[in-house]
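Thanks for making time this morning. I have one protein to walk through, and I will start with a helix and work outwards.

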Amino acid sequence: MKRIYYLLAISALLLLNGCALKVKIKKEFYANKTKVGIVYIIDDIQLGRMGAQDVLDLALTQGNKYLEPLAIVDKKMDVLHTIKTFYPQVLNERGKQYVTLDYTLRPDKLALYKTKKVKGKKHYKYDLRFLKAQLQVDELLIVRVAYGLLINYSGFITFSRFGYCRIGSEIVNLHDNTLMYQGESYKHKQIKGKWRTPPEYLNIRTAIKTAIHKVLLNEKKRFNQ
């Protein structure tokens, strides 16, 4: 069984900030006959909490009742397959050469980028230039994914439940460590009806799948702009 993470608190601002775009995709990304490597950082399904809470609220809140339903839902959705087929399809449609890499990006093992900044260009926080030769690619597409169930409550009172998904994606030029693209999408979908619907917990699954679908639609728009 996959681990289910607890997020002790999620700011309500996440529900107001649907999308965040930092660097629009560079035209040369598709124009250049270069190869991009794709790496994925996909968290296990999460149980998120939001709302007005103090220490006593957190201590008293019962979240264990969601663990088994989320594990069941996660097996039915196969999010890894959905995500790992989406980005190659988007790149294929634009004629971009790519390779899916079996590589784990570990920020704690990376050096910060300290080279003098160039005016008008944004650089990736960590220095990834060494990966150009190591992985035999020209650019790196980094995809970070978080998804799961978000509960809005205070103390023992639950106000609402949402399926949610957040994807942050970045494209780094490994020649000079510049960002060719950087953006983040967040979507949520309130669960309709009862959440406790065993054995398949269809209402939870539908809400999470809808959130994932909406995020991927937004990602496709970003990559095709």
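Which residues of α5 are buried? Before I go through them, please keep in mind that this is a predicted model. The buried residues of α5 are Val79, Ile83, Phe86, Tyr87, Pro88, Val90 and Leu91. The helix itself has 15 residues, and its first and last C-alpha atoms are 21 Å apart, close to the 21 Å expected at 1.5 Å a residue. Just after α5 comes Gly95, with a positive phi of about 70 degrees.

Now the overall picture. The protein has seven helices and eight strands. It has 225 residues, and 45% of them count as buried. The exposed surface comes to about 12,300 Å², with carbon and sulfur atoms supplying 53% of that area. If you take the contacts with a separation of 6 or more, 77% are between residues 24 or more positions apart.

Next, the cores. In soluble globular proteins, nonpolar side chains tend to be buried together. Here the largest nonpolar core has 42 residues, and Ile83, Tyr87 and Tyr147 are the ones with the most contacts inside it. Several elements supply at least two residues each to this core: α2, β3, α4, α5, β6, β7, β8 and α7. The largest share, eight residues, comes from α7. There is also a second, separate core of 15 residues, and Leu110, Leu128, Leu135 and Leu179 are among them.

Since α7 gives the core so much, let me stay on that helix. Helix α7 runs over residues 202-223, which is 22 residues, and spans 31 Å from first C-alpha to last, close to the 32 Å expected at 1.5 Å a residue. Its buried residues are Ile204, Arg205, Ala207, Ile208, Ala211, Ile212, Val215, Leu216, Asn218, Glu219, Arg222 and Phe223. Where do they sit around the helix? Looking down the axis of α7, the buried residues fall within an arc of 170 degrees, so they line one face of the helix. Note that the list holds Arg205, Asn218, Glu219 and Arg222 alongside residues such as Ile204 and Phe223.

Back to Tyr87. Setting aside neighbours within four places in sequence, what is Tyr87 in contact with? The list is Ile38, Tyr40, Leu141, Val143, Ile167, Glu219 and Phe223. Tyr87 counts as buried, at 1% relative accessibility. Phe223 is buried too, with a relative accessible area of 1%.

That brings me to the rings. The count of aromatic pairs comes to eight. In one of them, the rings of Tyr66 and Trp195 have their centres 4.6 Å apart and their planes at 45 degrees, so this pair is tilted. Tyr66 is in the loop between α3 and α4, whereas Trp195 is in the loop between β8 and α7, so to speak a link between distant parts of the chain, 129 residues apart. Both Tyr66 and Trp195 are buried.

The rings of Tyr87 and Phe223 also pair: their centres are 5.8 Å apart and their planes are at 75 degrees, so the pair is edge-to-face. This pair links helix α5, which holds Tyr87, to helix α7, which holds Phe223, across 136 residues. Ring pairs also join Tyr87 and Phe223 with Tyr40, Phe86 and Tyr181 in a cluster.

Last, some backbone geometry. Most residues other than glycine have a negative phi, and most peptide bonds are trans. There are three places to look at with that in mind.

Asp78 has a positive phi, near 50 degrees. Asp78 is in the loop between α4 and α5. Is that residue buried or partly exposed? Asp78 is partly exposed, with a relative accessible area of 41%.

Asn177 also has a positive phi, near 65 degrees. Asn177 is in the loop between β7 and β8, and at 0% relative accessibility it counts as buried.

Then there is the peptide bond joining Pro198 and Pro199, which is cis, with omega about 10 degrees. Pro199 is in the loop between β8 and α7, and Trp195 is in that loop as well.

To recap: α7 supplies the largest share of the largest core, and the ring pair of Tyr87 and Phe223 links α7 to α5. That is what I have for today.

Definitions and conventions: Residues are numbered from 1 along each chain as its sequence is written. This is a predicted model: local features need pLDDT of at least 70, side-chain atom pairs count only at pLDDT 80 or more; totals for chains, interfaces and linings use all residues. Side-chain values use heavy atoms; hydrogens and water are left out. Helices (H or I, at least four residues) and strands (E, at least two) are DSSP runs, numbered from the N terminus. Buried means under 20% relative accessible area, exposed over 50%, partly exposed in between (1.4 Å probe, protein chains only). Contact means heavy atoms within 4.5 Å. Accessible areas come from the Shrake-Rupley method with a 1.4 Å probe; for residues, only the protein chains shown count as cover. The expected span of a helix is 1.5 Å times one less than its number of residues. The arc is that of the directions from the helix axis to the C-beta atoms. A nonpolar core is a set of buried Ala, Val, Leu, Ile, Met, Phe, Trp, Tyr and Cys residues joined through side-chain atoms within 4.5 Å. Rings of Phe, Tyr and Trp (its six-membered ring) pair if their centres lie within 6.5 Å; planes under 30 degrees apart count as stacked, over 60 as edge-to-face and the rest as tilted.
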